[in-house]
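Reader: Could you take me through the packing and the charged contacts of this model, one point at a time?

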Amino acid sequence: MPKLLIGLGLALVILTVYTLVECAVFDRKRIRGLPRWVWIFVIVLVPLIGPLLWLLVGHGRATPTTRSFRSVAPDDDLEFLRGLNNGGSVKTDSGENRPFNEKDQQERIRRMEQDLADLDKNDPTPGKGGTAGTAGVDPTKKKKNEPGEGEQPGRRDA
């Protein structure tokens, strides 16, 4: 019987020290019920019930306002979907956001087509018109041994 009382007393001391240290270093935003200093007094002054109350009541979980940082698919992201309701927005020259419209889309497509046309004009690859050494070669007919063209051994998409 004395060994049992000594064991229980030792377990109580270990539980009290554990809960006291945990309460002292626990995140202040996650402590529930009472302020930290009150919890420390309860743990120290009420021997068995204080630590148990801390573990059951005061030791709170993460608040529901804390967001988990898992990725969300665009069709599940409400902020993303809200932005699509107005067709998105575009930044003006003055730095303001305004709703994105069909005219902006057409202008963007025109600029991209112009950029591609400029890149094609400056392309020095053989087989394109206007490069040296290609006189008499039909630009529509390409060699089958050019990389990325024709059927080649080992190609998976052929």
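Author: This is a predicted model, and a helix with its packing partners makes a good start: the buried residues of H2 pack against H1 and helix H3, the latter covering residues 49-58.

Reader: Which residues of helix H2 are buried?

Author: Helix H2 runs over residues 36-45. A residue counts as buried when its relative accessible area is under 20%. In H2 that description applies to Val38, Trp39, Val42 and Ile43.

Reader: Within what arc do the buried residues of H2 fall, seen down the axis of the helix?

Author: The buried residues of H2 line one face of the helix, and on the other side Trp37 and Leu45 are exposed. The buried face is inferred from the view down the axis of H2, where its buried residues fall within an arc of 135°.

Reader: Is valine 25 buried or exposed?

Author: Valine 25 lies in helix H1, which spans residues 2-25. To count as exposed, a residue needs a relative accessible area over 50%. Valine 25 has a relative accessible area of 66%, and therefore it is exposed.

Reader: What distance separates the C-alpha atoms of valine 25 and arginine 36?

Author: Valine 25 belongs to helix H1, and arginine 36 is eleven residues away from valine 25 along the chain. The separation between the C-alpha atoms of valine 25 and arginine 36 is 9.7 Å.

Reader: How many salt bridges does the structure hold, and which residues do they join into one network?

Author: The structure holds two salt bridges. In one of them arginine 110 pairs with glutamate 107, their closest N and O atoms being 2.8 Å apart, while in the other the side chains of glutamate 107 and arginine 111 meet at 4.0 Å, N to O. Salt bridges that share partners thus give one network, made up of Glu107, Arg110 and Arg111.

Reader: In which helix do arginine 110 and glutamate 107 both lie?

Author: Arginine 110 and glutamate 107 are three residues apart, about one turn of the helix, and glutamate 107 and arginine 111 are four residues apart, again described as about one turn. The helix that holds both arginine 110 and glutamate 107 covers residues 102-121 and is H5.

Reader: What is the relative accessible area of arginine 111?

Author: Residues between the limits of 20% and 50% count as partly exposed, and arginine 110, at 43% relative accessibility, is one of these. Glutamate 107 is also partly exposed, with a relative accessible area of 32%. Arginine 111 is partly exposed, its relative accessible area being 44%.

Definitions and conventions
Residues numbered from 1 in each chain as written. Predicted model: local features only at pLDDT ≥ 70, side-chain atom pairs only at ≥ 80, totals over all residues. Heavy atoms only, no water. Helix = DSSP H or I, 4+ residues; strand = E, 2+ residues; numbered from the N terminus. Buried < 20%, exposed > 50% of the residue type's maximum accessible area, 1.4 Å probe, protein only. Arc of directions from axis to C-beta. Contact = heavy atoms within 4.5 Å.
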